[in-house]
Amino acid sequence: MSSQQIEQQRMSQELLDSIPSEIGLLPLRGTLVYPGMLVPLLVGRPSSVKLVDDVLVNHRFLLLVTQKEASIENPSPEDLYQVGTVAVVLKMSRQDEDSMQVIVQGIARATVLEFTQRAPYFRVRIQLYDPESVLHVDSKSEALVKIVQDSFGKLIQHTDQLPKELMHFAASLDHPGKLADLVAVNLNIDLAQKQHILEILDPNERLQYVHRLLIHELEVAELAAKIQEDVRKGMDEAQREMYLRKKLAAIQKELGVDDPQSEALQELREKIEEADLPEDAREAAEQELDRIAHMHPSSAEYTVARTYLDWLTELPWSKSSEDCLDIEVAREVLEADHYGLKKVKDRILEYLAVRTLKADMQGPILCLVGPPGVGKTSLGRSIADAMKREFVRLSLGGVRDEAEIRGHRRTYVGALPGRIIQSLRQAQTNNPVFMLDEIDKLGVDFQGDPASALLEVLDPDQNHTFVDHYLDVPFDLSKILFIATANMIDAIPTALRDRMEIIPIPGYTEFEKLRIAERYLVPRQIEAHGLERDQVDLPDQTLSLVIRHYTREAGVRQLEREIATIVRKIARRVAEGEDGKFVIDTSTISEYLGVPRFHDEVAEVNLAPGIAVGLAWTPTGGDVIFVEATKMSKVRPGTDLCLTGQLGDVMQESAQAALSYIRSHAEELGIDTSFFNDYEVHLHVPSGGVPKDGPSAGLTMAATLASLATGRQVRDSLAMTGEISLRGKVLPVDGIKEKALAADRLGIKTVILPLQNEKDLVELPPEVRESLHFELVDDIQDAFNIALKPGKMA
């Protein structure tokens, strides 16, 4: 050991001896200091500023300890690590009244034994560690020092982030602990790993741990350098090829050779460069371009290959439209185009909100299910407008060929990509709003199953590598916002339905139709027929009359046609010379639309015994059904029940179950036991030309039979729905919202529902819940007590 080293060791020992056993603690956020480091620190906490002021007056020593969580503004002792670094304050400069900058130098590691003071700042009793006292130098540690110095030098050579002078400084350090601290400071590791290194007191053990981290960092740096070199070589080859091609073109120009094929190939080559193709597509394009170079332009294969290249280069592989992530703007656009539909609008706004937090989120796959005319298709365009995306619509009704989705293989004459890829070429972005209309009307035949082909399109785990048979290279569909529409969810295959988020869109109430007509339908038809808004006046009373007596639908298509008829007749009168404002009131509406087509017959009818009103779900929304029953003298034994009205198997079984229950409980219902011995019951559901089936009519049939057998009428303005069991239980059914809307539309006042369907009432619009009275039953007897009037009809 040289005299200079001995003198430095003596001074270091004197410095260590001068450190008191109790000193102030300065918490650090997001950083730490190793012994020997010279570090500037910005001090801003009032307690920390007070600590530094006091330290500068006394011995200038303090303990630097890192917080476990940097976000904590006022840490407690539990929020701090136990091991820190004793440092000396070398210089202080004030930034302003509330903050200062200090330059500190780490001296030695120390462990916190006890907190002796907590205000105005922390003071702690410490145990100081002398690095020399735990150092054991042998040949193994000397070899490890040499290895770490060499590896650290290689890391410096492979990265531009570390200064080259560090290599010489590290080579001059033969102390394992100091070398480990120097390397740790310059490694790209997280704060927890750096703290762990600070807590390793044995210098040799610390250097071994740092060596493992250094080897990993060196491997990453060497791999990055190799990748960069490969990229550089590839660029050099591309530049060489470009140079040779330009030279060839110059030679041909000097010779006066005009080669149209070369110009076409050059044009294709430039299109490939501009298309920014992914690696797989680029390889396929370059391979096809090499084939074209050896073909004659008049050959059939040349045309096929050229068409393929045109498709590859014209697809939006990397072209995306920028989303409008302003939720308020999107909400205004959605509200301006559609009334109601809260669930769908909320789902789109939630997607935009998540996109603001996670830019690479995959687009949702939604399926809007509802009757015709409720705005499913037009809603897709509004969503695209709200997000500032392109809109693409693909009608799937009647599609039977799998190639319509996946495309044809290029071996076929006239092969083309599927309609998914064709639509993306038309949109020219890889993230449009893509509407798959009428997904429940896909067909199946010998040419394949298009519904199965859609499984890959609508699966978030697969559609990022969708392979069209014509392209034969993967295309990323994960950025597309798919919106499917359907009228009946049961017609969608189960596997396909499982991949979509189902959002039901039931029919509109009369109030909602009135608002839609005022805001959208009337202004649109006035503009479409060339009139001014102040020329036509359709009061609310008139629109309500049109809705109630000229239309009977879940949506608003027929309503818009009726409004168009009114406006068209007004336009004719204007064209014939009439002027002024045309006010259409309830007394003159028949002059424009004729006599009313529908009446609220359900609300007005006085039901005889053996007739009940049920509620049913149809693809066009909810509706009412009359169930009628009459008794006849038995012609032959064994004929108890006759069913007519094109009833399906489920409804026939419901009728049998209803009859069995009535017969088994005849005494409780006050029915003469001879009734079923003497009479045959005929149960009929009108509109016999329309097939009917489903599990919703059991309760209505039971009430009909009970009314017939007891002679008691069913209450006026009452309808019911529910399935029954032989034990007398009323079982839950689906489509409650659609059925309730139909009941409200047709003047029903009271609706009997299964008790288990109580949860569905929260989905009803407020005006429907106020208009209808709901009776919830769990037992058939309770339903009879509510539905049947007391006493037999005279």
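In the predicted model, T111 stands opposite Q127 in strand β6, a strand that spans residues 122–128. Strands here are DSSP runs of E with at least two residues, helices are runs of H or I with at least four, and both are numbered from the N terminus. Strand β5 (residues 100–117) runs antiparallel to β6, and six bridges join the two; strands count as paired if DSSP finds at least two bridges between them. With four residues between them, β5 and β6 form a hairpin. Strand β1 (residues 22–28) also pairs with β6 in the antiparallel sense, over four bridges, and there I23 has V124 as its bridge partner.

A word on conventions helps with what follows. Residues are numbered from 1 along each chain as its sequence is written, and side-chain values use heavy atoms, with hydrogens and water left out. As this is a predicted model, local features need pLDDT of at least 70 and side-chain atom pairs count only at pLDDT 80 or more, while totals for chains, interfaces and linings use all residues.

An open sheet is formed by five strands in the order β8-β9-β12-β7-β13, with parallel pairing. Its edge strands, β8 (391–395) and β13 (501–504), each pair on one side only. On average, neighbouring strands of this sheet are turned by 20° against each other, direction ignored; axes are lines fitted to C-alpha atoms, for helices over the stretch in contact, and angles run from 0 to 180 degrees between N-to-C directions. Helix α15 (residues 419–427) packs on the sheet and touches β8 and β9, its direction making about 155° with that of β8. Within the sheet, β9 (residues 433–437) and β12 (residues 481–486) run parallel and are joined by four bridges, and L436 has A484 in β12 as its bridge partner.

L436 appears again in the largest nonpolar core, which has 55 residues; L436 and I439 touch the most other members. Such a core is a set of buried Ala, Val, Leu, Ile, Met, Phe, Trp, Tyr and Cys residues joined through side-chain atoms within 4.5 Å, where buried means under 20% relative accessible area, exposed over 50% and partly exposed in between (1.4 Å probe, protein chains only). Helix α10 (residues 300–314) gives the most to this core, with six residues. A second, separate core has 53 residues, including A330, V344, L352 and I526. Leaving out residues up to four places away in sequence, I439 touches C367, L396, L454, L458, A484, T485, A486, I492, L496 and M500; contact means heavy atoms within 4.5 Å.

L454, one of those contacts of I439, is also among the buried residues of helix α16, together with P450, A451, A453, E456 and V457. Helix α16 (residues 450–457) is mostly covered, with six of its eight residues buried. These buried residues pack against α14 (403–406), α15, β9, β10 (466–467), β12 and α17 (494–498).

A polar example lies in the loop between α10 and α11 (327–337), where D323 is found. D323 counts as buried because its relative accessibility is 11%. The side chains of D323 and R389 are joined by a polar contact of 2.7 Å, that is, a pair of N or O atoms within 3.5 Å; within protein, one must be able to donate a hydrogen and the other to accept it, and residues adjacent in sequence count only if both atoms are side-chain atoms. Apart from neighbours within four places in sequence, D323 is in contact with R355, M387, R389 and N431.

Further along the chain, five of the five residues of strand β23 (residues 750–754) are buried, so β23 is largely enclosed by the rest of the structure. T750, I752 and P754 point one way from β23, and V751 and L753 the other way. Strand β20 (residues 718–720) runs parallel to β23 and is joined to it by three bridges, with M720 and I752 as bridge partners. Five bridges join β23 to strand β24 (residues 773–777), also in parallel, and L753 stands opposite L776 in β24.

In helix α29 (residues 780–787), I780, Q781, A783, F784 and A787 are buried. They lie on the same side of α29 because they cover an arc of only 160° around the axis, taken from the directions from the helix axis to the C-beta atoms. At the start of α29, a side-chain oxygen of D779 reaches to within 2.8 Å of the backbone nitrogen of Q781.
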